[in-house]
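Dear colleague,

Please find the structure below, handed over for your consideration. My findings follow directly after it.

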Amino acid sequence: MTWTSIFIAGILTYFTRVSMVTLIRKEMISYNLRKILNYVPSVVFPSIIFPGVLLDDVGAFVTISDPKIFGAITALVIGFFTRNVILTIVSGLSSYWIVIFVF
Amino acid sequence: MRSKYEIFKIGIKDVAPHLLSVFPFGIIFGAIGIELGFSPLFTYATSLIIFGGASQIVFLQLLSGGASSLIAITSVGIINSRHFLYGAVLSEYLQKLSLIKKLFISYFIVDQGFAVSNQYFKKNPTEEFNHYHLLGSGIILWFIWQASTIMGIYLGSIVPEELGLKFAIPLTFIAIIVNELRKFDHVLVMLVSGLAATFFYNAPFKTYIIISPLIGLFAAMIINKLKK
């Protein structure tokens, strides 16, 4: 049941927030574990980005000239140099739209 | 010594630039929820109960794509596991609070709020009411996220499908990781997990969302061993 899953996901998410603050002291986390956990955003987000850009709705590879590829590369380049969240999204989306609507 | 209210206002002020990205992200999220076929109430409930933008999108995407509830919940857990690290860092500054206050303030620990408040804590470690900074940044982020989700739910239906709003999902995540793009080890780990996700995308029950981050973390462990 999906409503139940919202509540379980909510409790689980709250647990990720509250557990360390209430139960664990900073000294209890090993140096190595802290280093590995540091990579969590770098492993989870690309796992969503890559298929979202490289694959279509049915899970087949898009062509190299797909607007999504152009939009993603633009966003990566702008993001790399500006490190600005808004500019990254806006540049990616607008270059994606330019390919779709102009060319 | 600053007053509670002053520190609360500094928290709001410090996180303000991030609201410019949280607000459209919330609108996009609300619109995507509807576009994926969920009801307004169901879409909004994720913002109130889960309150974690990226994980909410993945949660709804996986459910709409036919993934099991277990997979969707597990994915939310994996994506939000970064809060363990935030909590570990913040615990140093929040240890003085009563249990009730810790339980309350923990609900508001999100990426942007953690980032700006942790900077404030480092600069003002002994300030008695410095946790009001986290409350200020967290509560304004919470309010903007709730409001923008509701706006997106009702504005989304008038946004034409040709705009391809779904593409905003990978773009939003690209914007989140841009700060790590200058670190070679992180880029390497991103490539490993991203390519693994692409390779395992058609695996049963959308398990790629669990398999590929684990492969990426394993790669991170190897890279850290080699660095020593």
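B:Phe51 is buried, because 24 other C-beta atoms lie within 10 Å of its own and 20 or more suffice for that class. In this predicted model, B:Phe51 sits in the loop between helix H2 (40-49) and helix H3 (53-64) of chain B. Its phi is positive, at about 50°, although B:Phe51 is not a glycine. Most residues other than glycine have a negative phi.

Chain A offers a second case. A:Arg83, likewise not a glycine, has a positive phi of about 55°, and its place is the loop between H4 and H5 of chain A. A:Arg83 counts as partly exposed because it has 14 C-beta neighbours inside 10 Å, a number between the limits of 12 or fewer for exposed and 20 or more for buried.

As to the fold of chain A, there are five helices and zero strands, so that the order from the N terminus is α-α-α-α-α. Of the 103 residues in chain A, 38% are buried. Among the contacts in chain A between residues at least 6 apart in sequence, 28% join residues at least 24 apart.

Finally, the interface: 60 residues of chain A are in contact with 71 residues of chain B. At least two residues of the side of chain A that touches chain B come from each of helix H1 (2-23), helix H2 (31-37), helix H3 (40-54), helix H4 (67-82) and helix H5 (85-101) of chain A. H1(A) gives the most, with 17 residues. By residue class, this side of chain A comprises 37 nonpolar, 16 polar and seven charged residues.

Yours sincerely

Notes
Residues numbered from 1 in each chain as written. Chains lettered and ligands numbered in written order. Predicted model: local features only at pLDDT ≥ 70, side-chain atom pairs only at ≥ 80, totals over all residues. Contact = placed C-beta atoms within 7 Å. Helix = DSSP H or I, 4+ residues; strand = E, 2+ residues; numbered from the N terminus. Nonpolar A, V, L, I, M, F, W, Y, C, P; charged D, E, K, R; others polar.
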